[in-house]
Amino acid sequence: MAWIILVIAGLTEIGWAIGLKYTDGFTRLWPSILTGLSMVVSIVLLGIALKTLPLGTAYAIWTGIGTVGTAILGIYLFGESATVLRLVCIGLIVAGIVGLKVVTPV
């Protein structure tokens, strides 16, 4: 169950990272509220997952999910570059996330 909670925490991290773009420097009310809510949910869920999972593994996977998701959505939503090298680097982050999951005994 902790792994599922951690994945949801990572997905909500993507939500607040992308949400930051839409807040326009926290000058737009609803995007700012939703972004703040996403931040709180993400941290709370990470904390719950940490009851069971090792800190280093959970934190690395949480940030990795956020990084990969934000990078992919940056390409899709904001037209950021999608060069082969950039995609390979994103793939390496995914490989690290999967590797950490595989070698963590919990």
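Select D24 to begin: at 52% relative accessibility this residue counts as exposed, because the cut-off for exposed is over 50%. The model on the screen is a predicted one, and D24 has its place in the loop between α1 and α2. If the backbone angles are displayed, look at phi of D24, which is near 55°, a positive value in a residue other than glycine. Most residues other than glycine have a negative phi.

Stay in the loop between α1 and α2 and select F26, which also lies there. Phi of F26 is near 60°, again a positive value in a residue other than glycine. Is F26 exposed, partly exposed or buried? With a relative accessible area of 49%, F26 is partly exposed, because exposed requires a value over 50% and buried a value under 20%.

Now zoom out to the whole chain, and colour it by secondary structure. The chain has four helices and zero strands, and from the N terminus on its elements run α-α-α-α. Taken along the principal axes, the box that the C-alpha atoms fill is roughly 45 × 35 × 15 Å. The chain has 106 residues, and buried residues make up 33% of them. If you switch on the surface, the accessible area of the chain comes to about 6,300 Å², of which carbon and sulfur atoms hold 77%. Among the contacts in the chain with a separation of 6 or more, 69% are between residues 24 or more positions apart.

Next, select residues 2–23, which form helix α1, together with residues 29–49, which form helix α2. How do the axes of α1 and α2 lie relative to each other? They come within 8 Å and cross at roughly 155°, which makes α1 roughly antiparallel to α2, because angles over 145 degrees are counted that way. The crossing of α1 and α2 is left-handed. Sorted by class, the residues in the contact of α1 with α2 are 15 nonpolar, eight polar and one charged.

Keep α2 selected and add helix α3, residues 55–78. Here the two helices pack at an angle of about 150°, and their axes are 10 Å apart, which makes α2 roughly antiparallel to α3. The crossing in which α2 passes α3 is right-handed, whereas that of α1 and α2 is left-handed. To see which residues make the contact, select S42, I43 and L46 on α2, and then A58, Y59 and W62 on α3. By class, this contact of α2 with α3 has five nonpolar residues, one polar residue and no charged residues.

For the last stop, centre the view on S42, a residue found in helix α2. Is S42 buried or exposed? S42 is buried, with a relative accessible area of 0%. Leaving aside its neighbours within four places in sequence, show the residues in contact with S42, and you will find A9, T12, E13, W16 and W62. W62 belongs to the part of α3 that makes the contact with α2. Finally, draw a distance between the C-alpha atoms of S42 and L11: these two residues are 31 residues apart along the chain, while their C-alpha atoms are separated by 7.9 Å.

Technical notes. Residues numbered from 1 in each chain as written. Predicted model: local features only at pLDDT ≥ 70, side-chain atom pairs only at ≥ 80, totals over all residues. Heavy atoms only, no water. Axes fitted to C-alpha atoms, helices over the stretch in contact; angles between N-to-C directions. Parallel < 35°, antiparallel > 145°, perpendicular 65-115°, else oblique. Left-handed = near helix turned anticlockwise from the far one by under 90°. Contact = heavy atoms within 4.5 Å. Nonpolar A, V, L, I, M, F, W, Y, C, P; charged D, E, K, R; others polar. Buried < 20%, exposed > 50% of the residue type's maximum accessible area, 1.4 Å probe, protein only. Areas by Shrake-Rupley, 256 points an atom, 1.4 Å probe, with all protein chains shown as cover.
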